[in-house]
Amino acid sequence: MSIVLYHHPWSRAATTVWMLEEVGQPYELRFVDLNAGAQRSADHERRNRMHKVPVLDDGDVRVSENAAIAMYLADRYAPGRLAPALDAAQRGSYLRWCVFAPSVIEPACMAKASGWAYSPRQAGFGTYDDMLATLEEAVGSGTWLLGETFTMADVVVGATARWMLRFGMMKSDVVAAYADRLAARPALQRADAVNARVTAEHGLTPPGA
Ligand SMILES: N[C@@H](CCC(=O)N[C@@H](CS)C(=O)NCC(=O)O)C(=O)O
């Protein structure tokens, strides 16, 4: 099997499983025991100097950073289906949303939840209120971020939103309705089942349980 995902089911790598289920390629999971510190082993440090999962290997290609993995998988295995073509009008919006999740949604939610003192004009992620208004405008005006076409950007943004809603770091009925639409996707349901199986196999306790 050429695709290998370094994974822990209670990490952002759980979302990578959803990405893989959406593209429909076979893959192998290799468990990185974050609780035991395996991310700091020499082997994993060679994979990702940041000591983080996910890391995805596909033959000679190695990708880390979940949004980059998403864009890689969609372009490589589902062009025109999960990623708009390079010359499609929606391509710009697609790329914007893939990057928006880690660079704006995540830090804006963290800043608000942790009470960070910072200057929103200097911080690239601006304010939580602007972030939420931007997201609500997009997911409140169509089924998916790009309207009626589901793309890998919905996995990246949707997974981040689901996590933030679940842990009370984002509050929004509009985004919650979007999360409900995402929950009906068979690929997400398969991914949740895979992550639950790995959780059980390793006797892990889900956060907040
Ligand atoms: N920017 C990275 C973040 C990855 C990340 O933070 N992974 C966490 C789990 S969700 C991790 O591996 N933590 C282990 C550690 O920091 O020791 C991405 O988006 O992929």
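Where is Thr 151 found? Hold that thought for a second, everyone, and look at the structure on the screen. Thr 151 is in the loop between α5, which runs over 128-139, and α6. One reminder before we go on: this is a predicted model, so please keep that in mind throughout.

Let me stay with Thr 151 for a moment. Is this residue buried or exposed? It counts as buried, because its relative accessibility is 1%. And who does it touch? If we leave aside the neighbours within four places in sequence, Thr 151 is in contact with Leu 82, Pro 84, Tyr 94 and Leu 146.

Now let's step back and look at the whole chain. It is divided into domain 1, made of 3-80 + 188-201, and domain 2, covering 91-185. Notice that domain 1 is written as two stretches of the chain, 3-80 and 188-201. How far apart are the C-alpha centres of domain 1 and domain 2? They lie 21 Å apart. The two domains also touch: 16 residues of domain 1 are in contact with 21 residues of domain 2.

Next, the pockets. The largest pocket has a volume of about 1,300 Å³. Its lining is made up of 44 residues, and those nearest the centre are Ser 11, Arg 12, Thr 15, Asn 66 and Trp 163. Several helices take part here: α1 (13-23), α3 (66-77), α4 (91-114), α6 (152-166) and α8 (186-201) are the elements that give two or more residues to this lining. Which element gives the most? That is α6, with seven residues.

What about the chemistry of that lining? Its residues divide into 24 nonpolar, 13 polar and seven charged. And here the domains come back into the story, since both contribute: the lining of the largest pocket draws at least three residues from each of domain 1 and domain 2.

Let's move to the backbone, where a few spots deserve a look. Find the peptide bond from Val 53 to Pro 54: this bond is cis, with omega near 5°. Pro 54 sits in the loop between α2, at 42-47, and β3, at 55-58.

That loop between α2 and β3 also holds His 51. What is the phi of His 51? It is positive, at about 60°, although His 51 is not a glycine. His 51 is buried, with a relative accessible area of 11%.

Glu 65 also has a positive phi, near 75°, and it is a residue other than glycine. You will find Glu 65 in the loop between β4, at 61-64, and α3. Is Glu 65 buried or exposed? Glu 65 counts as exposed, because its relative accessibility is 53%.

Now a little puzzle about cysteines. Some background first: a disulfide is a covalent bond between the sulfur atoms of two cysteines. How many disulfides does the structure hold? Zero. Why do Cys 98 and Cys 109 not form one? The sulfur of Cys 98 is 18 Å from the closest cysteine sulfur, which belongs to Cys 109, so the gap is too far for a bond. For comparison, a disulfide needs the two sulfur atoms within 2.5 Å. Cys 98 counts as buried, at 0% relative accessibility, and Cys 109 also counts as buried, at 0%.

Two more residues before I finish. Ala 78 is in the loop between α3 and α4, and it is buried, with a relative accessible area of 2%. Apart from its neighbours within four places in sequence, Ala 78 is in contact with Val 23, Leu 73 and Ala 83. Try tracing from Ala 78 to Leu 188: they are 110 residues apart in sequence, and their C-alpha atoms are 17 Å apart in space.

Finally, go to the segment after α8, where His 202 lies. His 202 counts as partly exposed, at 37% relative accessibility. What separation do we find between the C-alpha atoms of His 202 and Phe 31? They are 171 residues apart along the chain, and the separation in space is 9.2 Å.

That's my tour; thanks for listening!

Definitions and conventions: Residues are numbered from 1 along each chain as its sequence is written. This is a predicted model: local features need pLDDT of at least 70, side-chain atom pairs count only at pLDDT 80 or more; totals for chains, interfaces and linings use all residues. Side-chain values use heavy atoms; hydrogens and water are left out. On a 1 Å grid over the protein atoms alone, a cavity is a set of points where a 1.4 Å probe fits but cannot get out, and a pocket is an open set with protein on both sides within 12 Å along at least five of seven lines; lining residues have an atom within 4 Å of a point. Grid points are joined across faces, edges and corners, and a volume is the space filled by probe spheres set on the points. Helices (H or I, at least four residues) and strands (E, at least two) are DSSP runs, numbered from the N terminus. Ala, Val, Leu, Ile, Met, Phe, Trp, Tyr, Cys and Pro count as nonpolar, Asp, Glu, Lys and Arg as charged, and the others, Gly among them, as polar. Domain bounds come from an automatic or database domain assignment. Buried means under 20% relative accessible area, exposed over 50%, partly exposed in between (1.4 Å probe, protein chains only). Contact means heavy atoms within 4.5 Å.
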